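Thanks for passing this one along. Here are some notes to read with the structure open beside you.

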Amino acid sequence: MTTKIDKAGPVDAPPPAPENIKAIPVRHYGRWVSAVITIAVLFLLISAFARGDVNWNAIPDYFFDGEVLRGVRNTVWITILSMVLGVVLGIILAVMRLSKNPVTASIAWGYIWFFRGTPVYVQLLVWFNLGLVFDYINIMPIYKDEWSDFMTPFLAALLGLGLNEAAYMAEICRAGLQSVDEGQSEAAQALGMSHAKTLRRVVLPQAMRVIVPPTGNEFINMLKTTSLVIAVQYWDLLQATSEVGQNSGATAEMLFLAAAWYLILTSVLSVGQYYLERYYARGSSRSLPATPLQRVRANLLSFSNRSGGVGA
């Protein structure tokens, strides 16, 4: 430090200004190595499939075939109906499971134990072959018919998938209901609300943020599980592509076509699940997660800023 002397006496000179800190970004070499390995593996897989004895031109030729589109429509329809049946019955079973009545709680526990403990494929076959046990279905004032005419492939698929799904949805709903603090119910009852109204207006809305994510996963899983209904001769996507493959001689190619349709449908459902989860996260998160479009914009902006910094 230098000292400057003037008429009034010695005066200390101001210290020099500190130099600007130059931040050096951390280099992530592991990311580059993993990216190169991934690209190499993908290239080898694509090369192997390209050299295989597969008629790839058959896939776009039959992609929008009428029978295939009918299978896609039936697959989406049976998925929606099975999930509606599973969700409605699952909520009822969850409430029964949490009931203080030991009879209803035991019935719900037994239902969940049986349908979760047996494979859905076996359940589909049982429903389709119950004609060995019941010759007729007789609902006296409403309906009477032979079991073989009553239990159609569609009904067997709906009951097999929907009733099985209800067992899993019951546990999901039970976990969601138990995640809500008991003080919420006590406060609602103190205000004079009935048990049913408390459940509908207070507990369920708060439980939805716990119920929705696994329910979305179950919906996507149900879409893929519908491929098992080929066992009961229901015309779904896999049944349609198998039939087209046998008639055209492109059996393996039609399996790839079915896989492509399943990927498209599950991707659409995944986008819907993301936005539904984002909607129910509004009350529990301070800031909502960025949408895919917002993430792309942020990455592009970050990349452009880095490029501008390097150029400067």
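How far apart do the end C-alpha atoms of residues 76-96 lie, and what percentage of the span is helix or strand? Let me start there.

1. **Residues 76-96.** Please keep in mind that this is a predicted model. The C-alpha atoms at the two ends of residues 76-96 are 30 Å apart, and the span is 100% helix with 0% strand. In the unreviewed UniProt entry, the annotation "transmembrane region" covers residues 76-96, along with 32-50, 108-130 and 255-276.

2. **Residues 108-130.** For another of the spans annotated in that UniProt entry, 108-130, the model gives 83% helix and 0% strand. Its end C-alpha atoms lie 23 Å apart.

3. **A nonpolar patch on the surface.** Have a look at Val33, Ile37, Val41, Leu42, Leu45, Ile46, Phe49, Trp56 and Phe256, which together make a nonpolar surface patch of about 830 Å². Helix H1 (residues 29-51) gives the largest share of this patch, with seven residues. Val33 is one of the patch residues, and this valine lies in helix H1. The UniProt "transmembrane region" annotation, from an unreviewed entry, includes residues 32-50.

4. **One cavity.** How many cavities of 30 Å³ or more does the model have? The count comes to one, and the volume of this largest cavity is about 30 Å³. Its lining consists of Ile91, Val95, Cys173, Leu177, Leu199 and Leu204. Helix H3 (66-97), helix H7 (153-179) and helix H9 (195-225) each give two or more residues to that lining. By class, the lining has six nonpolar residues, with no polar and no charged ones.

5. **The largest pocket.** This pocket holds about 590 Å³ of space. Of the 16 residues that line it, Leu98, Leu177, Ser185, His195 and Val203 lie nearest its centre. The elements giving two or more residues to the pocket lining are H7, helix H8 (182-190) and H9. What classes of residue make up the lining? It divides into six nonpolar, six polar and four charged residues. For your viewing session, Leu177 is a handy residue to select: it lines the largest cavity and is also among the residues nearest the centre of the largest pocket.

6. **Salt bridges.** The whole structure contains three salt bridges. In one, the side chains of Glu67 and Arg70 meet at 3.1 Å, N to O. Why are these two about one helical turn apart? Glu67 and Arg70 are three residues apart in helix H3, so about one helical turn separates them.

Technical notes. Residues numbered from 1 in each chain as written. Predicted model: local features only at pLDDT ≥ 70, side-chain atom pairs only at ≥ 80, totals over all residues. Heavy atoms only, no water. Patch = residues over 30% accessible without salt bridge, like charges linked within 9 Å, V, L, I, M, F, W, Y side chains within 5 Å. Areas by Shrake-Rupley, 256 points an atom, 1.4 Å probe, with all protein chains shown as cover. Salt bridge = Lys/Arg side-chain N within 4 Å of Asp/Glu carboxyl O. Helix = DSSP H or I, 4+ residues; strand = E, 2+ residues; numbered from the N terminus. 1 Å grid on protein atoms, 1.4 Å probe; cavity = no way out; pocket = protein on both sides within 12 Å on 5 of 7 lines; lining within 4 Å. Points joined across faces, edges and corners; volume = space filled by probe spheres on them. Nonpolar A, V, L, I, M, F, W, Y, C, P; charged D, E, K, R; others polar. UniProt positions renumbered as here; feature names shortened; annotations may be inferred.
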